[in-house]
Amino acid sequence: MGLGVGLAAVKGRFRARALTAVAIAAALTLAGACTTGGSDGGAAGDSPTVGLLLPGGGASRFGQFDKPLIEKKVRQLCPHCPTTVAATPDPALQRQQLESMITRGVDVLIVAAVDPQLLRPSVEAAHRAGIPVVAYDRLAQGPISGYVTFDGAKVGELQGTALLRAMGAKAHGGQIVMMNGATTDPNAGWFERGALSVLSGKVRIGKSYDTVGWRPENAFADMRAAVAALGANRIDGVLAANDSLAGAVISALHATEVDPLPPVTGQDADLAAVRRIVAGDQYMTVYKPYRSATDAAVRMAVALGRGKPVDSIATGTVDNATVKDIPAVLLPSVPVTAGDIKDTLVKDGMYTIAQICPPNLRSACARAGLTP
């Protein structure tokens, strides 16, 4: 069992929080945060205040899917639990946001870390204040009490398997480019290792990049460099770690006049990526049914906020650099190509056919079986 926070810690929160607040209150402001449900924070028995920190909002996957699903599940499980939310792609700002939530007296935190290592001192501060932390999507460093994510090795395996299938005869001895995620995100290495478990010994990796900050503009520049180094006609496939990177890769291939486009993988089932798949520019994405992840994270958070264990929620354990046997939920993912969209994304209510198929894609949608 990991370093969970139990009933004794809940009882000691007021004193611990007071000491922590004295140390950090004056310097910190919760930038970009809002509170719903009306509460001044503090230990709240059966109605704990839930703090939610995400690495993006707005049009990002986290803003579109994770945030509203988490808020909805909190309302279902704990109608009187206030929720405080902050979202930023800036690791330093996220650290400030987390520490400000400690000062405000939240009872439990759900944290999708921008930079797990940079955030570690703040996670440690939350632990000292008696506030359990559920790491969400990305494995945070420090004394966390639970972890919910999709199995990253399986995601990489799905991408690698799909890429080999799309490459056909070139799957044996062909040359690919790997556009991996940021080294600050432990999931990026997890995805890469999963992909390499399928690709190694079958294809040549002409270039492999770690995309700084997961930023598309960096992937665009790296892909242009790969084309210049390898040659426009000598790239047989691209393993792009997520859909944002895939979009940048495809833009770079168009900009360098690579024709035909090699197959390109993705992840997250972004709407723009689904449209690229219908159009034939992107080969596949990995769909992660977010509701199962958000439900598990909220169940963990509400239980911990009430001082209860989460062993019955967890399906296994993981380790980070600080804690062994952290209760964890590792969920499966689904590969999606053009022929799978209707029976996965549309069926699950992620998108409607009307959303996927604007007028310029209607003929391509019809070929993919995407008709009303």
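L158 is found in helix α6, which spans residues 152-167. The model is a predicted one. L158 has a relative accessibility of 14%. The cut-off for a buried residue is under 20%, so L158 counts as buried. Several residues from elsewhere in the sequence touch L158. Leaving out residues up to four places away, the contacts of L158 are M284, V286, S333, V334 and P335. G194 is separated from L158 by 36 residues in sequence. In space, the C-alpha atoms of L158 and G194 are 8.3 Å apart.

T265 lies in a loop rather than in a helix. That loop runs between α9 (243-255) and α10 (271-279). The relative accessible area of T265 is 0%, and T265 is therefore buried. A polar contact involves the side chain of T265. Its partner is the backbone oxygen of A240, at 2.9 Å. A240 also appears among the residues in contact with T265 once neighbours within four places in sequence are set aside. The others in that list are Q159, L163, V238, L239, A246, Q282 and M284. M284 links the two sites: M284 is touched by L158 and is in contact with T265.

Pockets were examined next. The largest pocket holds about 760 Å³ of space. Three elements each give two or more residues to its lining: α3 (61-77), α7 (186-199) and α10. Of these, α3 gives the most, with three residues. In total, 31 residues line the largest pocket. Nearest its centre lie P55, R138, G213, W214 and N242. By residue class, the lining of the largest pocket divides into 13 nonpolar, nine polar and nine charged residues. Polar and charged residues are thus present in equal number in this lining, because each class counts nine.

The second largest pocket has a volume of about 190 Å³. Its lining consists of 14 residues. K170, I235, D236, P260 and P262 are the ones nearest the centre of the second largest pocket. Nine residues of this lining are nonpolar, four are charged and one is polar. Two of the residues nearest the centre, K170 and D236, belong to the charged class. I235, P260 and P262, also nearest the centre, belong to the nonpolar class.

Technical notes
Residues are numbered from 1 along each chain as its sequence is written. This is a predicted model: local features need pLDDT of at least 70, side-chain atom pairs count only at pLDDT 80 or more; totals for chains, interfaces and linings use all residues. Side-chain values use heavy atoms; hydrogens and water are left out. Helices (H or I, at least four residues) and strands (E, at least two) are DSSP runs, numbered from the N terminus. Buried means under 20% relative accessible area, exposed over 50%, partly exposed in between (1.4 Å probe, protein chains only). Contact means heavy atoms within 4.5 Å. A polar contact is a pair of N or O atoms within 3.5 Å; within protein, one must be able to donate a hydrogen and the other to accept it, and residues adjacent in sequence count only if both atoms are side-chain atoms. On a 1 Å grid over the protein atoms alone, a cavity is a set of points where a 1.4 Å probe fits but cannot get out, and a pocket is an open set with protein on both sides within 12 Å along at least five of seven lines; lining residues have an atom within 4 Å of a point. Grid points are joined across faces, edges and corners, and a volume is the space filled by probe spheres set on the points.
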